[in-house]
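Colleague: I would like a close look at the sheet in this model, and at what lies against it. Please carry on from there to the nonpolar cores, the buried acid and the cysteines.

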Amino acid sequence: MRSELEVTHVLSLVERGLNDCAISRITGIPRPTVSDWRHGRVPRRVRDRSGGCFVCLGDMSMVPSRSSAYLLGQYLGDGYIARLRKGVFALRIFSFSGYPAIIAECVTAMNGVMPKNKVAVTPVPGARLVVIVSSSKHWPCLFPQHGPGKKHERPIRLTDWQQLIVEHHPEAFLKGLIHSDGCRYVNRVKHYEYPSYGFTNMSHDIVKAFTDACDQLAIKWRRSNFKNIAITQRQSVAVMDSFIGPKR
């Protein structure tokens, strides 16, 4: 009987892009078994412990990709994962309490990504902030960028499956990033005013993920400094308005 560790090892090699024959040679596990695990046909005891986590199951067809793209943007901006007791982790995302629509969208995305787990919205005492939180053993699976220290002090790299999600849903990813670390504002020059978007993050990698998604949608951007990106060109702002708009 194959162990849970063997299943996890095989699925990690699948994630790295190795084919069934190569994985079989490395692990000594028969190729048909590797193929079964690749397609989600893992032992029942492993499936039961997976909590429906598509990463643990190795079944990317289960990925709620739009919700995942939006939640990834929110997490990279104003989210973090905290370790609780008994191997449980809490995904916590901070949001301004005056943006009920953004809070609701974040709750919906969390529910979409981890439907078996409750989502709570808790006010932060003494501040106009709320914490949107959901607990699961599998948040580090979905956000492997989790780690000690501040995000801008360590590399932040998207996995292959995360990159695929972002490429399929760049609008949702950008929306999550703007809702967390960005804004829509009005520039005023004498008697002329025009809307613009701004994004601010201390992490070079996160800023690059933002500009890469902009490039995919042909949104023109300019770098004000190492942490600030501005989108002011009229057509590009119109594209952003088509799926983001003012924060509410």
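Modeller: What follows starts with the sheet and works outward. The model is a predicted one.

The sheet is open and built from four strands, in the order S5-S6-S8-S7, with antiparallel pairing. Its edges are strand S5 (182–189) and strand S7 (222–223), each of which pairs on one side only. On the S7 side, the link to strand S8 (residues 228–231) consists of two bridges, and these strands run antiparallel. In one of the residue pairings, Arg-222 has Ala-230 in S8 as its bridge partner.

Two helices lie across this sheet. Helix H10 (residues 170–181) lies across S5 and strand S6 (192–200), and runs at about 95° to S6. Helix H12 (residues 234–243) lies across S5, S6 and S8, and runs at about 65° to S6.

Residues from both helices also appear in the largest nonpolar core, which has 47 residues. Among those with the most contacts inside this core are Phe-173, which falls within H10 (residues 170–181), and Met-240, which falls within H12 (residues 234–243). Leu-71, Leu-91, Trp-139, Phe-143 and Phe-210 are also listed there. Helix H7 (residues 100–113) gives the core its largest share, seven residues. A second core, separate from this one, has nine residues, including Leu-13, Val-14, Ile-29 and Val-34.

Trp-139 shows which parts of the chain come together in the larger core. Leaving aside neighbours within four places in sequence, Trp-139 is in contact with Leu-71, Ile-81, Phe-89, Ala-90 and Leu-91, and also with Met-110, Val-113, Met-114 and Ser-134.

The buried acid is Asp-205, in helix H11 (residues 204–216). Its relative accessible area is 18%, so Asp-205 counts as buried under the 20% cut-off. The side chain of Asp-205 makes a polar contact of 2.4 Å with the side chain of Arg-157. Apart from neighbours within four places in sequence, Asp-205 is in contact with Arg-154, Pro-155, Ile-156 and Arg-157.

That leaves the cysteines. The structure holds zero disulfides. Cys-21 has a relative accessible area of 40% and is therefore partly exposed. Cys-106, by contrast, is buried, with a relative accessible area of 0%, and its position lies within H7 (residues 100–113).

Definitions and conventions: Residues are numbered from 1 along each chain as its sequence is written. This is a predicted model: local features need pLDDT of at least 70, side-chain atom pairs count only at pLDDT 80 or more; totals for chains, interfaces and linings use all residues. Side-chain values use heavy atoms; hydrogens and water are left out. A disulfide is a pair of cysteine sulfur atoms within 2.5 Å. Buried means under 20% relative accessible area, exposed over 50%, partly exposed in between (1.4 Å probe, protein chains only). Two strands pair if DSSP finds at least two bridges between them. Contact means heavy atoms within 4.5 Å. Axes are lines fitted to C-alpha atoms, for helices over the stretch in contact, and angles run from 0 to 180 degrees between N-to-C directions. A nonpolar core is a set of buried Ala, Val, Leu, Ile, Met, Phe, Trp, Tyr and Cys residues joined through side-chain atoms within 4.5 Å. A polar contact is a pair of N or O atoms within 3.5 Å; within protein, one must be able to donate a hydrogen and the other to accept it, and residues adjacent in sequence count only if both atoms are side-chain atoms.
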